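Trainee: I have a new structure to learn. Can you take me through the terms used for it?

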Amino acid sequence: YGFINTCLKSLVVEKYGEETWEKLRLQAGVQDSFLTFEVYQDEITMQLVDKACKILGVPADMVLREFGAYFFEFCKRSGYDHMLRTLGGNLYEFIENLDSLHSYLSLSYQAILFLFVFPQEMNAPSFRVEKNEDGSMHLHYYSDRRGLCHIVPGIIGAAALDFFNIEISMEIVNQTEEEERTGKKEHIVFLVTQNPVFSYKERKTFSSSPQYLADCGKQIENPLNTEDLEKAKNTIRDRGSSVCPVKKSHWKTIRGIITLGKGKLLRGFDPVYPKSLWIDAKTFCNGLPFHMVFDKELRVKQAGVSIQKIVPGLQTMGICLDHYFSIVHPEVPFTISSIQKFINSQFVFQTRREMMPESWKQRPMLELRGQMIWMESLQCMLYLCSPLLRTLHELEERQMHIADIAPHDVTRDLILLNQQRLAEMELSNQLERKKEELRVLSKHLEDEKKKTEALLYAMLPQHVANQLKEGKRVEAGEFKECTILFSDVVTFTNICAQCEPIQIVLMLNSMYLRFDRLTTVHDVYKVETIGDAYMVVGGVPVPVPTHAERVANFALGIIIAAKGVQNPVSGNPIQIRVGIHTGPVLAGVVGEKMPRYCLFGDTVNIASRMESHGVPSKIHLSSSAYQCLKYKNFEMTERGEIEVKGKGKMYTYFLIRNKTATENEIMGRP
């Protein structure tokens, strides 16, 4: 379910950051978020775990163990804390009742599974725990999902430390595959050993308490009867064996068997049984309408009246139980030995369609859920059960009524309570889906916003665009020194006269794409293009001291780039003229419709004149541009004094190359 994958995402984000999760999910090819009650393929979770191992460089068993410990905390934060704490009074009881918890959750939440499994359609694992004489335990884990057993130590270890204040170690002592009714299952046996954990403060407080000192004094003043003491020790030891106890000190044992402040021995509870059973068979079968007793050969010896009503074949005593029922959970063969192996698990029986009366064959089959009790004296098994029904609709489908269930059976209340809970769950599901839809729409909106902003920033400087978006007026700014470049295509007019318009467009697009890339490489601002004219500036809109060097390197780059653009008339590479000038400008936004960021001043005119009076495939520099580049590792030659239209005579130069930069560096190649 999505709950599992959401937990895994939360673990990665919390411990390794959003970037790691994004990288992980992209490599695994999964979505960014998961719906809590939505069923997802097991492969999604396995892919996430596999990629996490590779990205983090951690073995799979460590990842799964860490995930198990985090999953326990995640479940507590998700509202399961009280449910888990009441599962058992010690670790043995906690593990023993995991299957029962799972069964309850599957009933209440329509197969929302809980621990140790990446679920799909109620295909859950099973657990069996055995106590050993030395206080350790053997935990048997059965699952048809291989390779996930390392999650178990993570969760059990976290639960033991949090709920029972003990540290445990779990090691695999056996690993096999067993052929079960539904196919091969992985069977892992863990050896669980534990030690108590007390903080320094707890130890100090306990050992120095007046009550503790008083108890010690009483032991000296009133020595206990040796026989009673041994009995009490055995009682405590027997009680403690269920929690996988550790070795206790002498005084700790004494403290455990003395009632504080009274000095009386604590006596264990001994139930009292009547000499004969004060209930007749008829009352028993009516009072427990859903129960069955069967022997080692599965022959039915006794059945409740409601089961007899639904399965009339049970009225014939001595029939074989497996002819009328199949075991749904746990997934074991229908034999006494298999049932005894999982005696602490809840058993779910389902009626066999072929053995039901004609009136029942069109209805959904009835499922029974309950516990098995082995009666050693009779060598028979008692199955105390109730109908497994989730909603009133399921009750109606089987043409049953609340009256068919015994008044003392809480199944009556569960059906009514669950009806309301399922409605709330469905509403929660719908809200979660809407939330996910809104998240996706918001993400798409954000992506479109970024595209729009990228387009806007390509037309205007970012700070200018942001001011316009906010409805503010953009004031013109004066820049005391910047470097402007103009370029155009040699004989462009003749080329246009001899080509189709589409050929001109393709030629200019090819050239401008190359030039645009170089503006990013050298961090210069593209002002505009008019026809074949291309204009850039360095030091505007953000003033920088290296404006002249940036524009000079850009100019060297476009001379090289132009050689890769073909003249559609001759088929040869095109030639361009480049002119550069350095000086002051005024910059501002002009117009409201299609606003442009324009430069004004004589510096623009002179830069344009440098280009128009230039030489093909040469970079023409004004004297001011030359002065800025003079001591910057550029090779330049004098052109001399020339007549410039509107400016008279000017002394100009040609830029040849950058002495320290390679062609690859100029072109921004790796």
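Mentor: Start with two helices. Helix 4 (residues 60-85) and helix 7 (residues 151-164) are oblique to each other. This is a predicted model.

Trainee: Why are helix 4 and helix 7 called oblique?

Mentor: They pack at an angle of about 50°, with their axes 7 Å apart. Angles under 35 degrees count as roughly parallel, and 65 to 115 as roughly perpendicular. The angle of about 50° fits neither range, so the pair is oblique. Helix 4 passes helix 7 in a right-handed crossing.

Trainee: Which residues make the contact?

Mentor: On helix 4 they include L64, F67, F71 and F72. On helix 7 they include I151, I155, A158 and F163. By class, the contact has 12 nonpolar, 2 polar and 6 charged residues.

Trainee: What makes helix 2 and helix 3 oblique?

Mentor: Helix 2 (residues 18-28) and helix 3 (residues 42-56) pack at about 125°, and their axes are 9 Å apart. Roughly perpendicular stops at 115, and roughly antiparallel needs over 145. About 125° lies outside both ranges, so helix 2 and helix 3 are oblique. Their crossing is right-handed. Among the contact residues are W21 and L24 of helix 2, with L48 and I55 of helix 3. The classes here are 7 nonpolar, 3 polar and 3 charged.

Trainee: How do you know that helix 16 and helix 17 are oblique?

Mentor: Use the cut-offs again. The axes of helix 16 (residues 411-459) and helix 17 (residues 462-469) come within 8 Å and cross at roughly 120°. That is past 115 and short of 145, so the pair is oblique. The crossing is right-handed. E453, L456 and Y457 of helix 16 meet Q462, A465, N466 and K469 of helix 17. By class, that contact has 3 nonpolar, 2 polar and 2 charged residues.

Trainee: Which residues touch the most other members of the largest nonpolar core?

Mentor: They are L48, L91, F94, I95, L139 and F190, out of 56 residues in that core. The largest share, 10 residues, comes from helix 4. Leaving aside neighbours within four places in sequence, F94 is in contact with L84, L87, G88, I156, A159, F163 and F164. There is also a second, separate core of 42 residues, which includes F634, M636, Y653 and M667.

Trainee: Why is L298 called buried?

Mentor: Its relative accessible area is 6%. Buried means under 20%, so L298 is buried. L298 lies in the loop between strand 5 (291-295) and strand 6 (300-303).

Trainee: What is the phi of L298?

Mentor: Phi of L298 is near 70°, a positive value in a residue other than glycine. Most residues other than glycine have a negative phi.

Trainee: What makes S617 partly exposed?

Mentor: S617 has a relative accessible area of 36%. Buried needs under 20% and exposed needs over 50%. The value for S617 is in between, so S617 is partly exposed. S617 also has a positive phi, about 65°, although it is not a glycine. S617 lies in the loop between helix 21 (602-612) and strand 16 (619-621).

Trainee: Why does P357 count as partly exposed?

Mentor: P357 has 26% relative accessibility. That is not under 20% and not over 50%, so P357 counts as partly exposed. P357 lies in the loop between strand 8 (347-351) and strand 9 (367-375).

Trainee: Which residues does P357 contact beyond its sequence neighbours within four places?

Mentor: P357 is in contact with I310 and P312. P357 and I310 are 47 residues apart in sequence, and 8.5 Å apart in space, C-alpha to C-alpha.

Trainee: Where are the cis peptide bonds at P330 and P541?

Mentor: One runs from H329 to P330, with omega near -5°. P330 sits in the loop between strand 7 (325-329) and helix 14 (336-341). Another joins V540 and P541, with omega about 0°. P541 lies in the loop between strand 13 (533-538) and helix 20 (547-562). Most peptide bonds are trans.

Trainee: How many helices and strands does the protein have?

Mentor: The secondary structure comes to 23 helices and 18 strands. Of the 670 residues, 45% count as buried.

Notes. Residues numbered from 1 in each chain as written. Predicted model: local features only at pLDDT ≥ 70, side-chain atom pairs only at ≥ 80, totals over all residues. Heavy atoms only, no water. Axes fitted to C-alpha atoms, helices over the stretch in contact; angles between N-to-C directions. Helix = DSSP H or I, 4+ residues; strand = E, 2+ residues; numbered from the N terminus. Left-handed = near helix turned anticlockwise from the far one by under 90°. Contact = heavy atoms within 4.5 Å. Nonpolar A, V, L, I, M, F, W, Y, C, P; charged D, E, K, R; others polar. Core = buried A, V, L, I, M, F, W, Y, C linked by side-chain atoms within 4.5 Å. Buried < 20%, exposed > 50% of the residue type's maximum accessible area, 1.4 Å probe, protein only.
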